Amino acid sequence: MPLSASPVIRRVRLGAELRQLRRGESLTLEQVCGQLGWASTSKLSRIELGQSRPDLADVLDLLDVYQVPPPQREALIVIARDAAAGRGWSRALGEMGERQRAYAELEAGAAGIVEYQPAVLPGLVQTPAYARLRLAAAALIGPELDLEAEVRARGLRQQVLRRADPPHYTALLDERVCALGGMPVDVWREQLWHLVALSELPHVTIRLVPGDVPSHDGVHPLAGFSWYVFPDPADPRTVMVETLTTDLRLVAEADIARYERMVEWLSAVALPATETAAVLARQAERPEIPRPADPVEDAVRAPVEEVPAAERDAERLAG
């Protein structure tokens, strides 16, 4: 069974609803906080921006100020309870880092997910060995990372694709993401077969984006991103943009519309799912490929030819 609606998305929606109600009453932040005896406007501002877990009593006080009628009031109370959820989600998601938790909360409550990756495979489709390699590389930048805990967290997140009513998941992958690169051949081969197996699930679509396709009107996604839609159509569609050190969560309609147009373009140029599976299977069946030669490393390791002493003396005298 899926978890209840994502708390982070419910907070965004609740904040937007409360802000609309306040403006409908032509009230300022200061006026509302004055009526409720709140010391400053920052508390209300954070609630409206979806930046804090709301206290249900505070939400009830706000609904009183805005004189919300019973049907709408009851619906907002349900949203507020979802937005205030914490412990149940923490137990269900287990122990994971802040960045993984942000994705896990969105994934667990989503009805549909589309991910684009130009550099590495998305966490939901990584094998443990592949995840360990990638997380080990990330640990060089953030040494506080608990490698094995994060690998286990990957596995916990991936259960969303195996639950009874999973989201429809689509991965749009730059073809270079599936190249051998510098990883061990056995890890690479296992990962490719894992992608092929996942693509056989009825709710999973994996498609390769050729690296030589022209950009869309001069625009090409510069970073990986994930797009989420939720069972309740009133919950805001959301995009997470991945960066080196943090991730950006976008919910503004204008931002979402731009990424949805990018998803449409990527979907138009990507290989069909069946062809993608065939390409991945052919790659996985190739004979073992040696790791690409590194000319600098080869130069360092090359044996140094011993110069005869007579030649060294002649060179020294000539100099």
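This report describes the helices, the loops and some single residues of one protein chain.

The structure is a predicted model, and its chain contains 14 helices and six strands. Of the 319 residues of the chain, 42% count as buried. Among the contacts between residues at least 6 apart in sequence, 73% join residues that are at least 24 apart.

**Three helices and their spans**

The length of a helix can be compared with the span expected from its number of residues, and the table sets out this comparison for helices 10, 11 and 12.

| Helix | Residues in helix | Expected span | Distance between end C-alpha atoms |
|---|---|---|---|
| Helix 10 (185–199) | 15 residues | 21 Å | 21 Å |
| Helix 11 (253–269) | 17 residues | 24 Å | 25 Å |
| Helix 12 (273–285) | 13 residues | 18 Å | 18 Å |

For helix 10 the end-to-end distance of 21 Å agrees with the value expected at 1.5 Å a residue, and for helix 12 the 18 Å found between the end C-alpha atoms likewise agrees with the expected span. Helix 11 reaches 25 Å, which is close to the 24 Å expected.

Each of these helices also has a list of buried residues. In helix 10, the buried residues are Val-185, Val-187, Trp-188, Gln-191, Leu-192, Leu-195, Val-196 and Leu-198. In helix 11, Ile-256, Met-262, Val-263, Trp-265 and Leu-266 are buried, and these residues pack against strand 1 (112–117), strand 2, strand 3, strand 4 (225–229), strand 5 (238–242) and strand 6 (247–250). In helix 12, the buried residues are Thr-276, Ala-277, Val-279, Leu-280, Ala-281, Gln-283 and Ala-284, and what covers them includes helix 10 and strand 3.

**Two buried residues in loops**

Cys-178 lies in the loop between strand 2 (168–174) and helix 10. With a relative accessible area of 3%, Cys-178 falls under the 20% limit and is therefore buried. Apart from its neighbours within four places in sequence, Cys-178 is in contact with Leu-121, Leu-173, Trp-188, Leu-192, Leu-195, Leu-208, Leu-280 and Gln-283. Among these partners, Trp-188, Leu-192 and Leu-195 appear in the list of buried residues of helix 10, while Leu-280 and Gln-283 appear in that of helix 12. The C-alpha atom of Cys-178 is separated by 9.8 Å from that of Arg-189, which is 11 residues away along the chain.

His-203 sits at the other end of helix 10, in the loop that lies between this helix and strand 3 (204–209). Its relative accessibility is 15%, so His-203 counts as buried too. The side chain of His-203 reaches the backbone oxygen of Leu-161 at 2.7 Å. When residues up to four places away in sequence are not counted, His-203 touches Leu-161, Pro-166, Pro-167, His-168 and Tyr-169.

**A pair of packed helices**

Two packed helices are described by the angle between their axes and by the distance between those axes. The axes of helix 7 (residues 98–109) and helix 9 (residues 147–158) come within 10 Å of each other and cross at roughly 10°. Because this angle is under 35 degrees, helix 7 is roughly parallel to helix 9. On the side of helix 7, Gln-100, Tyr-103, Ala-104 and Glu-107 take part in the contact, and they meet Glu-150, Ala-153, Arg-154 and Arg-157 of helix 9. The residues of this contact divide into three nonpolar, one polar and four charged.

**Two loop residues with a positive phi, and one helix residue**

Most residues other than glycine have a negative phi. Which values, then, does phi take at Ser-26 and at Gln-67? Phi of Ser-26 is near 55°, and that of Gln-67 is about 55°, a positive value in a residue that is not a glycine. Ser-26 lies in the loop between helix 1 (7–24) and helix 2 (29–36), whereas Gln-67 has its place in the loop between helix 4 (56–65) and helix 5 (70–84). Ser-26 is exposed, with a relative accessible area of 63%, and Gln-67 counts as exposed at 65%.

Helix 4 also holds Ala-57, which counts as partly exposed at 40% relative accessibility. The C-alpha atoms of Ala-57 and Ala-80 are separated by 9.9 Å, and the two residues are 23 residues apart along the chain.

Definitions and conventions. Residues numbered from 1 in each chain as written. Predicted model: local features only at pLDDT ≥ 70, side-chain atom pairs only at ≥ 80, totals over all residues. Heavy atoms only, no water. Helix = DSSP H or I, 4+ residues; strand = E, 2+ residues; numbered from the N terminus. Buried < 20%, exposed > 50% of the residue type's maximum accessible area, 1.4 Å probe, protein only. Polar contact = N/O pair within 3.5 Å; in protein donor to acceptor, adjacent residues only side chain to side chain. Contact = heavy atoms within 4.5 Å. Expected span 1.5 Å × (residues − 1). Axes fitted to C-alpha atoms, helices over the stretch in contact; angles between N-to-C directions. Parallel < 35°, antiparallel > 145°, perpendicular 65-115°, else oblique. Nonpolar A, V, L, I, M, F, W, Y, C, P; charged D, E, K, R; others polar.
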